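Below is a brief report on one protein model. Look at the sequence and the fold before reading on.

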Amino acid sequence: MTDAAAAVLRALDGRGWSIAAAESLTGGRVTATLVDVPGASAHVRGGIVAYATDIKATQLGVDPDLLAERGPVDADVAVQMAKGVRRALQADVGVATTGVAGPDPQDGKPVGTVHIAVVTPDEVVSSSLELSGTRDEIRTRTVQSVLELALTVVGGIRHP
């Protein structure tokens with residue numbers, strides 16, 4: 001995963017951009033993976049671990065009505081989290097993760113349901129994933145997925 005993080009940081013460097021992460025199910029792993037790369041401080045602003053639903057609203061500005069209607073595991077929530085962390089930490093790029101890592105379903109959403117988002121000054125991109133495996137495997141694959149999405153968006157890499 002450090003290779004993906006290094007690639008994201010190189011892409012950010014090429015644009016002169018910074019990044020911040022809003023994390024729920026990943027619990028800080030995205031930020032930790034980014035800062036594992038030497039020189040990350042040039043681009044990483046920080047992260048907000050918004051594990052509890054109310055923190056998504058109070059710290060990231062996620063619409064409380066959206067949270068009440070759909071719950072925290074939702075693609076629009078991920079987008080609002082990414083926008084919120086971008087604003088809160090004054091970053092050019094916001095990335096977000098929300099989902100169910102298990103062992104039990106949450107709010108009617110099965111284990112492995114994951115939503116990720118990347119927001120830049122130019123673009124808003126989200127992706128919904130259905131992952132399988134252990135709790136740790138789901139969290140690890142979520143980190144990898146959001147870093148790959150960030151690289152796609154920031155680095156301008158588009159796959160057919």
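The report covers the nonpolar cores, a few buried residues, the largest pocket and some backbone features.

This is a predicted model.

**The cores**

In soluble globular proteins, nonpolar side chains tend to be buried together. The largest nonpolar core here holds 33 residues. Within this core, L12, I19, V30, L34, V93, V95 and L147 touch the most other members. Helices and strands both feed the core: α1 (2–15), β1 (19–23), α2 (29–35), β3 (93–99), β4 (113–119), β5 (124–130) and α6 (135–154) each give two or more residues. The top contributor is α6, with 8 residues. A second core stands separate from the largest one. This second core has 18 residues, among them V62, V77, V79 and V85.

L147 deserves a closer look. Setting aside neighbours within four places in sequence, L147 is in contact with M1, A4, A5, V8, V30, T33 and L34. Two of these partners, A4 and T33, can be followed further.

**Around L147: A4 and T33**

A4 sits in helix α1. A4 is buried, because its relative accessible area of 13% is under the 20% cut-off. Beyond residues up to four places away in sequence, A4 touches Q144 and L147. The chain brings distant positions together here: A4 and E148 are 144 residues apart along the chain, yet their C-alpha atoms are separated by 6.5 Å.

T33 belongs to helix α2. T33 has 9% relative accessibility, so it counts as buried, the limit being under 20%. Leaving aside neighbours within four places in sequence, T33 is in contact with M1, A5, V143 and L147. M1 and A5 also appear among the contacts of L147.

**A buried loop threonine**

Is T120 buried or exposed? T120 is found in the loop between β4 and β5. Its relative accessible area is 6%, which is under 20%, so T120 is buried. Not counting neighbours within four places in sequence, T120 is in contact with W17, R86, D92, V93, V153 and V154. One of these partners, V93, is among the core residues that touch the most other members. The side chain of T120 also reaches the backbone nitrogen of D122, at 3.0 Å. T120 and G16 are 104 residues apart along the chain, and their C-alpha atoms are separated by 12 Å.

**The largest pocket**

Rolling a probe the size of a water molecule over the atoms shows where empty space is left. The largest pocket has a volume of about 200 Å³. Its lining is made up of 17 residues. Nearest the pocket centre lie Y51, G99, V100, A101 and Q106. Which elements supply at least two residues each to the lining? They are α3 (53–60), β3 and α6. Both β3 and α6 also give two or more residues to the largest core. By residue type, the lining divides into 7 nonpolar, 6 polar and 4 charged.

**Backbone features**

The peptide bond from G102 to P103 is cis, with omega near 15 degrees. P103 lies in the loop between β3 and β4. D107 is found in the loop between β3 and β4 as well. Phi of D107 is positive, near 50 degrees, in a residue other than glycine. Q90 likewise has a positive phi near 50 degrees and is not a glycine. Q90 lies in the loop between α5 (75–88) and β3. Both residues are exposed, because their relative accessible areas of 63% for Q90 and 55% for D107 are over 50%.

The relative accessible areas of the residues discussed are set out here.

| Residue | Relative accessible area | State |
|---|---|---|
| T120 | 6% | buried |
| T33 | 9% | buried |
| A4 | 13% | buried |
| D107 | 55% | exposed |
| Q90 | 63% | exposed |

Conventions: Residues numbered from 1 in each chain as written. Predicted model: local features only at pLDDT ≥ 70, side-chain atom pairs only at ≥ 80, totals over all residues. Heavy atoms only, no water. Core = buried A, V, L, I, M, F, W, Y, C linked by side-chain atoms within 4.5 Å. Buried < 20%, exposed > 50% of the residue type's maximum accessible area, 1.4 Å probe, protein only. Helix = DSSP H or I, 4+ residues; strand = E, 2+ residues; numbered from the N terminus. Contact = heavy atoms within 4.5 Å. 1 Å grid on protein atoms, 1.4 Å probe; cavity = no way out; pocket = protein on both sides within 12 Å on 5 of 7 lines; lining within 4 Å. Points joined across faces, edges and corners; volume = space filled by probe spheres on them. Nonpolar A, V, L, I, M, F, W, Y, C, P; charged D, E, K, R; others polar. Polar contact = N/O pair within 3.5 Å; in protein donor to acceptor, adjacent residues only side chain to side chain.
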